[in-house]
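Hi there,

Here is the structure I promised to pass on to you. Have a look at it first, and my notes follow just below.

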Amino acid sequence: MAKKILFLSSLLLLVFTGCSNSSENSLAIINENGKYGTLENNSEVIIKPIYDEMSSFDDVENKNIKTKHPNVLNFHWLHNYYGDEYTVVEYNKKYGIVNRKNEMVVKPIYDSISKLFNGFSIIKIDDKYGYMNKKFEVVQKPIFKNAREFFADATFVQSNANGKWGCITKNMDLKINDEYDEIYNYVDGFARTVKDGKWGYIDESCNVLAQPKYEYAFDFSKGFAKVILNGKTAYLNSKGKEITKSIFSRGENF
């Protein structure tokens, strides 16, 4: 028992004293005469206050980074939570991106830039939307009337030509183009679609699960969806097959 206690004490000592804290200094956003910049906790101004607006710093990966450790066991993951940090800045009514080293990684030419979400930012210029990846490369030129964030491996974009919605993958493959009047966000792996007043579904790869033929379609729940056809309730499975006929006056979700 005494040996076990001694081993545990040694392990805890290794965790809390064996880590040399090599993390970067913290940054604080400062304001001077209505302009924003950053101050490091060693009192050095890193980014001079020249920007009209500045977002809080975020990590590109939003996860722990690997660090060298002098001991056999590396417990830096317990306290390190930084990496390629960036901030969205406004300069002369345009938006760009600056990293914590004060390098302008995206020039301020955009009307708006969203924070990275699942590896992508939405960019806007001249009332058109596109996408930028986590390397801050434009992977989809702003051509859409509207664009949504990637909550799955695909998301939805609105055509400038006719206002219809389509489906685009993370590879920027526009698999469905200006097809639907509305596409709702993914729930349980599927998104509801509306076309000419009829409802259907697509999956997370932009494949059509059910053509828009229903009077109304509910979100999927536990692998099944409730639909209304000819005023009656029926149910679909995750393959788009009706597991019942439209015969029920009403029904609840699974």
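To begin with the charged side chains: to how many salt bridges does the count come? The count comes to 12 salt bridges. Please keep in mind that this is a predicted model. I will walk you through some of the pairs and then turn to a sheet.

**Salt bridges**

One of the pairs is K195 with E179, whose side chains meet at 2.8 Å, N to O. K195 belongs to strand β18, residues 190-195, while E179 sits in strand β16, residues 174-180, so this salt bridge ties together parts that lie 16 residues apart in sequence. As for solvent, K195 is partly exposed, with a relative accessible area of 28%. E179 also counts as partly exposed, at 31% relative accessibility.

Strand β18 comes up again in another pair. R192 forms a salt bridge with D219, and their closest N and O atoms are 3.0 Å apart. This pair links distant parts of the chain, 27 residues apart: R192 is in strand β18, and D219 is in the loop between β21 (216-217) and β22 (224-229). Is R192 buried or exposed? R192 has a relative accessible area of 9%, and because buried means under 20%, R192 counts as buried. Its partner D219, at 28% relative accessibility, is partly exposed.

There is also a network: E40, E85 and R100 are joined into one by salt bridges that share partners.

Elsewhere, K124 and D127 bring their side chains together in a salt bridge of 3.7 Å, N to O. The cut-off for such a pair is 4 Å, so this one falls within the rule. D127 has 55% relative accessibility and counts as exposed.

**The sheet around β18**

Which strands make up the open sheet of four, and in what order? The order is β17-β18-β19-β20, and the pairing is antiparallel. At the edges are β17 (182-183) and β20 (208-214), each of which pairs on one side only. In general, the strands of a sheet pair through backbone hydrogen bonds, either parallel or antiparallel. Here β17 and β18 run antiparallel and are joined by two bridges. Within this part of the sheet, E182 stands opposite V194 in β18.

If you would like a place to start, try strand β18: R192 in that strand pairs with D219, and K195, also in β18, pairs with E179.

Happy browsing, and best wishes

Notes. Residues are numbered from 1 along each chain as its sequence is written. This is a predicted model: local features need pLDDT of at least 70, side-chain atom pairs count only at pLDDT 80 or more; totals for chains, interfaces and linings use all residues. Side-chain values use heavy atoms; hydrogens and water are left out. Buried means under 20% relative accessible area, exposed over 50%, partly exposed in between (1.4 Å probe, protein chains only). Two strands pair if DSSP finds at least two bridges between them.
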